[in-house]
Amino acid sequence: MLGFDEKLKILADAAKYDVSCSSSGGKRKNGGGIGDSSASGICHTYTEDGRCVSLLKILMTNYCIYDCAFCVSRRSNDVQRSAFSVKEVVELTMNFYRRNYIEGLFLSSGIFKSADYTMERLMLVVKKLRTEERFNGYIHLKAIPGASEALLKEAGLYVDRMSVNLEIPTEEGLKLVAPEKDHQSVREPLTIVKNEIKAAQRDKKFLKKVPLFVPAGQSTQMVIGATPENDLQIMQTASEYYKDFDLKRVYYSGYIPINDKDSKLPQVGTTPPLVRENRLYQTDWLLRFYGFSLNEILNNKHQHLELDIDPKLSWALRNPQYFPIDINKADYNWIIRIPGIGTHSARKIIQARKYGKLKEFQLQKLGIAHSRAKYFMICQDTVASSGFLYPERIKKAILEHNPKSALIRSASQLSLF
Amino acid sequence: MHYIFDGSFSGFLCCVFEAFERKEFNAIPIKDKIPETDLFSKHRMIITDDTKWNRIFVGMEKIIGKKGIQTFYHNFLADTPQAWQNGFRLIVKLFKTGSIDMGNYGNTEMLMMHQTIKKVSRERHRMKAFVRFVKSSENLYTALIEPDFNVLPLVTNFFKNRFADQHWLIYDLRRNYGYHYDGHAVQEVSRSNDERISDPYSFEVELDPRELEFQHLWITYFKSTNIESRKNIKLHLKHVPRRYWNYLVEKKGT
Ligand code: SF4
């Protein structure tokens with residue numbers, strides 16, 4: 001028998017490759033019990049790799065009947081196995097939560113015996129937390145592909161978010177490393193849950209009291225760099241899933257080599273593609289919040305994101321015809337397209353220019369990355385526009401000014417530009 | 001001219017009242033003691049008076065609404081002479097001109113106020129995140145903090161809603177006061193000066209028998225969830241600055 005400490009070590013270690021840590025979007029208000037997930041999520045601490053720790057992220061068990069080559073818990077991997085009981089997970093969650101260590105629980109599992117057997121265990125944990133402990137903190141549950149509709153629906157009543165991971169961005173890639181798996185088995189639970197969410201939203205229009213059903217929506221994750229997909233393929237899949245399943249988030253997780261035996265995968269010791277991962281998140285952001293279409297950023301001519309500069313800058317350098325943009329006249333939608341200006345500072349600019357035309361020094365105070373933005377905009381006192389310098393020269397100048405910027409950023413940060 | 005007030009927001013508003021009474025618009029509001037360098041400069045003791053601060057409050061509300069007052073309140077909680085002086089000047093201006101645009105970032109004083117409340121808000125957010133409760137044998141959950149700004153009043157509601165069924169105490173060591181929640185209501189508490197607590201993990205309470213076990217499990221979890229090959233200490237430090245480490249179970253003593 002392993003000690004409990006050892007068990008926690010194994011089952012936290014095996015769960016950490018799921019990068020999602022979001023704990024926002026919950027709708028549970030506390031009515032006298034414990035916990036509240038109605039506010040936006042909080043990072044209670046950060047690991048040494050700089051990732052947000054918001055949820056207790058553990059596996060129910062790391063036993064698994066499958067053998068996905070990219071996964072530490074695959075059955076052929078020689079690692080120590082362990083499993084929590086339902087009661088243990090509940091107790092640990094409550095005790096961490098009451099000490100304000102966490103926002104809630106992120107529970108997932110290797111597949112033990114069968115999909116339904118595993119899913120039932122997960123369901124029991126979340127049911128106990130909500131009904132017996134009166135816990136209103138955040139719960140993210142990884143649904144088990146192949147689990148019955150009834151179990152998914154019951155679990156959906158207790159959790160805030162559900163996710164099912166695509167793991168590999170394309171079906172062909174998946175076949176290479178996990179021949180027992182397919183994307184269809186991911187689409188099925190996503191569809192069931194999506195339809196239930198829709199039904200709950202419909203009912204809400206007519207009925208007063210509709211039970212919450214996965215109020216924070218669904219998400220998925222893709223492993224990046226384990227298989228040979230290009231960035232265009234990855235983002236095409238992401239866009240498709242955002243659209244088909246109303247996903248709240250797609251996560252991109254740079255593959256960390258953990259398999260010596262499989263020659264199809266990057267070898268142990270290879271550094272994970274962190275910069276690429278960050279570029280994918282930036283692209284994801286551009287598509288969702290900056291009004292870009294996928295085609296503008298990635299297309300058959302540009303199938304890969306540039307690593308040394310961010311995708312917005314890269315787009316701008318390829319499209320000099322739109323620049324420079326006049327800060328004092330342009331629409332919000334154009335201002336956010338200027339490299340170095342994010343949605344926050346764009347809103348401030350719109351706000352501030354009501355009081356008079358903005359000058360260079362005022363812009364610098366509004367929190368924009370001026371050293372980058374200056375090539376792409378004009379303001380009140382810009383000396384007669386020098387015209388758009390050659391894109392190559394701008395790129396060089398920006399990189400020289402800030403050579404390491406790419407490396408200290410991380411996907412967990414929201415200020416991506 | 002220094003105006004010495006009691007350190008409360010109402011006292012601060014009374015400074016504005018007096019400034020108009022006496023036409024001393026360049027007054028500098030400070031708390032309690034006269035700065036030593038200024039022993040010989042002029043100063044005036046401002047007594048907090050309910051009618052006085054109420055008049056200022058109502059007057060402000062007419063012009064800038066509740067939300068505007070809240071902005072000034074948050075600026076006040078920054079708890080620094082500069083922020084106070086800047087806020088004071090802006091209120092004086094507000095009454096002199098009868099209007100003020102709270103969104104005018106082009107104005108230096110207004111911009112400074114917004115920058116200050118942004119810092120206050122960041123600290124407030126950090127307190128929600130970094131407070132760590134220690135459970136004692138009487139089922140009281142205690143947390144000791146030392147925030148840069150006086151943000152405790154801004155987070156009590158958050159903790160009250162979240163931990164509605166547990167008793168807790170959050171204590172600001174730097175300002176020597178805290179809030180206690182007994183399952184029904186939140187109350188301000190403070191100790192006398194000679195009773196100061198210094199180390200958050202060695203204050204005198206009897207711990208719950210399983211407290212140390214859960215602290216240990218949390219540390220285990222914190223280490224196990226880290227991915228070594230992604231190590232990025234610079235980013236780590238940006239998010240968890242060293243000055244908070246002493247209060248974080250998982251960072252203490254590392
Ligand atoms: S089914 Fe899940 S846990 Fe099992 S090997 Fe595949 S990815 Fe890993």
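Visitor: Where is the place of Pro324(A) in chain A?

Guide: Look in the loop between α10 (311-318) and β9 (325-326) of chain A, and you'll find Pro324(A) there. Keep in mind that we're looking at a predicted model.

Visitor: What kind of peptide bond joins Phe323(A) and Pro324(A)?

Guide: That one is a cis peptide bond, and its omega is about -5 degrees.

Visitor: What makes Glu167(A) worth pointing out when we talk about phi?

Guide: Its phi is positive, about 65 degrees, although Glu167(A) is not a glycine. You can spot Glu167(A) in the loop that runs between β6 (161-163) and α5 (171-177) of chain A.

Visitor: Staying in chain A, how do helix α4 and helix α6 cross?

Guide: Helix α4 (residues 149-156) and helix α6 (residues 184-206) of chain A have axes that come within 10 Å, and they cross at roughly 50 degrees.

Visitor: Why are α4(A) and α6(A) called oblique to each other?

Guide: Set the angle against the cut-offs. Under 35 degrees would count as roughly parallel, and 65 to 115 as roughly perpendicular. The crossing is at roughly 50 degrees, which fits neither range, so α4(A) and α6(A) are oblique to each other. The crossing of this pair is right-handed, too.

Visitor: Which residues make that contact between α4(A) and α6(A)?

Guide: From α4(A) come Glu149(A), Leu152(A) and Lys153(A), while α6(A) brings Pro189(A), Ile192(A) and Glu196(A). Sorted by class, you get 3 nonpolar, no polar and 3 charged residues.

Visitor: Let's hop over to chain B. How far apart are the axes of helix α1 and helix α3 there, and at what angle do they pack?

Guide: In chain B, helix α1 (residues 9-22) and helix α3 (residues 81-97) have axes 10 Å apart and pack at an angle of about 50 degrees.

Visitor: What makes α1(B) and α3(B) oblique to each other?

Guide: It's the angle again. About 50 degrees lies outside the roughly parallel range, under 35, and outside the roughly perpendicular range, 65 to 115, so α1(B) and α3(B) are oblique to each other. As for handedness, α1(B) passes α3(B) in a right-handed crossing.

Visitor: Which residues of α1(B) and α3(B) meet?

Guide: On the α1(B) side there are Phe12(B), Leu13(B), Cys15(B), Val16(B), Ala19(B) and Phe20(B). On the α3(B) side you have Trp84(B), Gly87(B), Phe88(B), Ile91(B), Val92(B), Phe95(B) and Lys96(B). Those residues divide into 11 nonpolar, 1 polar and 1 charged.

Visitor: Now for a pair with one helix in each chain. Why is α2(A) called roughly perpendicular to α6(B)?

Guide: Helix α2 (residues 86-98) of chain A and helix α6 (residues 211-224) of chain B have axes that come within 11 Å and cross at roughly 100 degrees. That angle falls in the 65 to 115 range, so α2(A) is roughly perpendicular to α6(B).

Visitor: Which residues meet between α2(A) and α6(B)?

Guide: Glu91(A), Leu92(A), Asn95(A) and Phe96(A) meet Phe214(B), Leu217(B), Trp218(B) and Tyr221(B). By class, this contact has 6 nonpolar, 1 polar and 1 charged residues.

Visitor: How many residues of chain B and chain A are in contact overall?

Guide: Chain B has 54 residues in contact with 57 residues of chain A. About 5,000 Å² is buried between the two chains, and carbon and sulfur atoms give 56% of that area. Arg162(B), Tyr221(B) and Arg230(B) supply 17% of what chain B buries against chain A, more than any other three residues.

Visitor: And which domains does the domain assignment give for chain B?

Guide: Domain 1 (2-122) and domain 2 (131-251). Their centres, taken over C-alpha atoms, are separated by 31 Å. The contact takes 7 residues from domain 1 of chain B and 7 residues from domain 2 of chain B.

Key
Residues are numbered from 1 along each chain as its sequence is written. Chains are lettered from A and ligands numbered from 1 in the order in which they are written. This is a predicted model: local features need pLDDT of at least 70, side-chain atom pairs count only at pLDDT 80 or more; totals for chains, interfaces and linings use all residues. Side-chain values use heavy atoms; hydrogens and water are left out. Axes are lines fitted to C-alpha atoms, for helices over the stretch in contact, and angles run from 0 to 180 degrees between N-to-C directions. Helices (H or I, at least four residues) and strands (E, at least two) are DSSP runs, numbered from the N terminus. Angles under 35 degrees count as roughly parallel, over 145 as roughly antiparallel, 65 to 115 as roughly perpendicular and the rest as oblique. Contact means heavy atoms within 4.5 Å. Ala, Val, Leu, Ile, Met, Phe, Trp, Tyr, Cys and Pro count as nonpolar, Asp, Glu, Lys and Arg as charged, and the others, Gly among them, as polar. A crossing is left-handed if the near helix is turned anticlockwise from the far one by less than a right angle, and right-handed if clockwise. Domain bounds come from an automatic or database domain assignment. Buried area is the accessible area (1.4 Å probe) that two parts lose on being put together, summed over both.
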